[in-house]
Structure formats: C-alpha cells, structure tokens
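Okay, everyone, thanks for coming. Let me put the structure up on the screen, and then we'll walk through one corner of it together.

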Amino acid sequence: MAKKSIIDNIRNKSGFICDMDGVIYHGNKILDGVKEFVSWLKDENKKFVFLTNSSERTIKELQGKLSRMGLDVGPEHFYTSALATASFLQSQKPNGSAYIIGEAGLINAVYNAGYTSNNIDPDYVVMGEARSYSYEVIEKAVNLVNAGARLVGTNPDVSGPIENGIAPATKALISPIELATGKQAYFIGKPNPLMMRIALKKLGVQREETIIIGDRMDTDIVAGIEAEIDTCLVLSGISTKNTVNEFAYRPHYVLQGVNEIVKDYK
C-alpha cells in the first residue's frame, strides 16, 4: 500500500489507543513529532487514550511527565496496567489483601481498589516494575506463593526502552518467583483482552473506527489483532523491521514513528 494511503487510513480513524514507552518517549526524552501528533489529535477532535503496560507511575505522575515534555494531556486520556490490575483484583476478591512489589502507580491503584497490604498471608502477590527489587523481596514472595498466595503480574513485558538502551520489565522480574515455585503468573496488561476492552470503553468508539499504535509486536500488535482492532507498528521503540518477521502475524501498518502521521503527504 502506498504511504499516502496508509497515512490517510490512519488519519480517518476516530479512536486512537497509543502506547507510551517507545511511541511517545524513551525514558525522559520525547520522540520526534509527538507534540505535533498530540496537537493533531486534539485539533481533529479524535478520541484517544494513552494505554501503557508500565505500572510504575500514577496518572498524575504520567501527566506531570508529559507536561515536562511540553504536552498538556488531561487525566481522562490515560490508563495503565496498574489500574487494570487493581480492577481485576477487586473483581476477583473484593477488599482482599496483597503483597505488592512495585512503585507508586501500582501501590496507589491497589490501595484505591480497597486492598490492604499484607506480607504474612496475602490473597495475592502482585508484581510490577520495581526499583526496590532485591533478593529478600523475591524470597518473601516465593514463600508467600508457596503458602497459597496467587501470583499476578501487571504486564508480560520482558523489557522496556529507556534513553540509553533497555531495562528489565515485569515478566523478567517475576520469572524467578515462577521458577522457584513452579507457579505461573497471570498477567493483566497487553495483550490481555481486559486492557483492550477497557480502552475501547474509555474511548466510546467502535473497534472498527479505532487503531492501536505501539512499538511491540508481542504486546501492542497482538493485542490489536486479537481484539480485531487495526494496528500500527512504529519502529521508534522495541520492535524493528527484522523482528516483525519473527512473528506469525503482521501489523496492518508499519511507520517509523507517529511523526509520519502528521507529515503532509500529498
């Protein structure tokens, strides 16, 4: 398909589900054309949500991060795997308890869902990205899971892009617990259909009128395909043209970055 047709097809969508890491920024560095892309979304009255598998930050912190990059985005435009995880826990066992390994985004979301902290006999061991990761924490989690706590991960990402390379993400951090206990974690974030259904609900747009833009074949793109939503892979994050060929499925569109969407193709 000609580049102009690809861009026209994307521009004609009413709803946009956008990943953040690798699409909007790397670490604290905003990517090319993102300011123009966000301005275009607003100017064209598009429905959009930033859907991130990262569970580290609260919505307020995500807002602040984008604000420091010169982007003014309201809280209604964000949804995280931490919020989805908290919603899942509350639906499964209302007002339960959890041993939480993660940052403010996850801790606040789980507390706000009515859960209490418990490092003795919790209902769940819940893990997200965690800078307080240590041998003692893993040892505690292993023994709690062996004692009957159920193991939940906020997302199945192995790594995520940062300014100077990649950082290990939840699936990499939780794997020692899985190996030591022989128990498999249940992951909430993309490509879990729970995340996609919530995103569509927030947008209030039919899936046929929506596109998901992401940088990962194994989460963003497969999530869109399984939810029957058009997909756009941007090569500004984890996946490359070469890694696309490693998968049995294909994105509907491939662009270098969101900057291409707002370029003037005539």
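So, which elements do the buried residues of α8 pack against? Keep in mind as we look that this is a predicted model. The partners are β1, β4 (47-52), β5 (78-80), α4 (81-92), β13 (210-214) and α9.

Let's see who is doing that packing. In α8, the buried residues are M195, M196, A199, L200 and L203. If you look down the axis of α8, these buried residues fall within an arc of 130°, so they line one face of the helix. Here's some background for that: an α-helix has 3.6 residues a turn, so residues three or four places apart point the same way. Now swing round to the other side of α8, where R197 and K201 are exposed.

What about the ends of this helix? At the N-terminal end, N192 acts as a cap on α8. One of its side-chain oxygens sits 3.0 Å from the backbone nitrogen of L194. After α8 comes G204, and its phi is positive, near 70°.

Okay, on to charges. Side chains of opposite charge can pair when their charged atoms come close. How many salt bridges does the count come to? It comes to 9, and I'll show you a few of them.

Start with D19 and K190, which form a salt bridge with their closest N and O atoms 3.1 Å apart. This pair ties together distant parts of the chain: D19 is in the loop between β1 (15-18) and β2 (25-26), while K190 is in the loop between β12 (186-187) and α8 (193-203), 171 residues apart. Are these two buried or exposed? Both D19 and K190 are buried.

K190 has another partner, too: its side chain meets that of D220 in a salt bridge, 2.6 Å from N to O. Again distant parts of the chain are linked, since D220 belongs to helix α9 (residues 217-226) and the two residues are 30 apart. D220 is buried, as is K190.

For another example, go to R207 and E208, whose side chains meet in a salt bridge at 3.5 Å, N to O. R207 is partly exposed, with a relative accessible area of 31%, and E208 is partly exposed as well, at 47%. Back to the earlier trio: salt bridges that share partners join D19, K190 and D220 into one network.

That's my tour. Feel free to spin the model around and find these residues yourselves.

Terms used. Residues numbered from 1 in each chain as written. Predicted model: local features only at pLDDT ≥ 70, side-chain atom pairs only at ≥ 80, totals over all residues. Heavy atoms only, no water. Salt bridge = Lys/Arg side-chain N within 4 Å of Asp/Glu carboxyl O. Helix = DSSP H or I, 4+ residues; strand = E, 2+ residues; numbered from the N terminus. Buried < 20%, exposed > 50% of the residue type's maximum accessible area, 1.4 Å probe, protein only. Arc of directions from axis to C-beta. Contact = heavy atoms within 4.5 Å. Polar contact = N/O pair within 3.5 Å; in protein donor to acceptor, adjacent residues only side chain to side chain.
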